[in-house]
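Q: I am new to this structure and would like a careful, close look at one part of it. Please pick a helix with the turn that follows, and then set that part within the chain as a whole.

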Amino acid sequence: MPLRFDPHVSTAETDYGTVLLDERDGTYWELNPTATLVVRTLLDGGEETDAAAALIREFDIDTAQALRDVEALVGHLREAGLAS
């Protein structure tokens, strides 16, 4: 399922990844370049399998690990109330 940040989340891409600001409480989250690739793929309408494929192309990791990494990141973002 494509990812969407909730309206209270501001994003800014940096040279080192992406910074998220949860405007409800002022908490910042920093995504490394790997997480940024996943998030960008999902925000562009891709599915989790598309994000995993992007990781495989970029970092030459196996499919199972890529899928676990994508699922973990998405789960953390949703649990933190940053994305749906």
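**A helix and the loop after it**

A: Aspartate 60 lies in the loop between α2 and α3, and this residue is a convenient place from which to begin, in a model that is predicted. The phi angle of aspartate 60 is near 50 degrees, which is a positive value in a residue other than glycine, and the residue takes this angle just after α2. Aspartate 60 is also exposed, with a relative accessible area of 69%, a value that lies over the 50% above which a residue counts as exposed.

Stepping back from the loop into the helix, one can begin with the length of α2, which takes in residues 48–59. At 1.5 Å a residue, its 12 residues should span 16 Å, and because the C-alpha atoms at its two ends are indeed 16 Å apart, the expected span and the one in the model agree.

The two sides of α2 can be described in turn. Ala51, Ala52, Ala54 and Leu55 are buried in this helix, and they cover an arc of only 155 degrees around the axis, so they are on the same side of α2. A general point about helices helps here: an α-helix has 3.6 residues a turn, so residues three or four places apart point the same way. On the other side of α2, Thr49 and Arg57 are exposed. As for what covers the buried residues of α2, the cover includes α1, residues 33–43, and α3, residues 63–79.

On the way from α1 to α2 the chain passes through a loop, and glycine 46 has its place there. Glycine 46 is buried, with a relative accessible area of 10%, whereas aspartate 60, in the loop between α2 and α3, is exposed at 69%. Glycine 46 also gives a sense of distance, since its C-alpha atom is 23 Å in space from that of aspartate 22, a residue 24 positions away in sequence.

Aspartate 22 leads on to another part of the chain, because it is among the residues in contact with histidine 8 once neighbours within four places in sequence are left aside; the others are Leu21, Glu23, Arg24 and Gly81. Histidine 8 has its place in the segment before β1, the strand of residues 9–14, and it is buried, with a relative accessible area of 17%. Two of these contacts can be described further: the side chain of histidine 8 makes a polar contact with the side chain of arginine 24 at 3.1 Å, and a polar atom of the histidine 8 side chain lies 3.0 Å from the backbone oxygen of glycine 81.

It remains to place α2 within the whole chain, which has three helices and three strands, running β-β-β-α-α-α from the N terminus on. The radius of gyration of the chain is 12 Å, close to the 12 Å that the globule rule gives for 84 residues, so the chain is as compact as a globular protein of that length. Along its principal axes the C-alpha trace spans about 35 × 25 × 20 Å, and 36% of the 84 residues count as buried. Of the contacts with a separation of 6 or more, 43% are between residues 24 or more positions apart. The accessible surface, finally, comes to about 5,100 Å², and 51% of it belongs to carbon and sulfur atoms.

Terms used. Residues numbered from 1 in each chain as written. Predicted model: local features only at pLDDT ≥ 70, side-chain atom pairs only at ≥ 80, totals over all residues. Heavy atoms only, no water. Helix = DSSP H or I, 4+ residues; strand = E, 2+ residues; numbered from the N terminus. Expected span 1.5 Å × (residues − 1). Buried < 20%, exposed > 50% of the residue type's maximum accessible area, 1.4 Å probe, protein only. Arc of directions from axis to C-beta. Contact = heavy atoms within 4.5 Å. Polar contact = N/O pair within 3.5 Å; in protein donor to acceptor, adjacent residues only side chain to side chain. Rg over C-alpha atoms; globule rule 2.2 N^0.38 Å. Areas by Shrake-Rupley, 256 points an atom, 1.4 Å probe, with all protein chains shown as cover.
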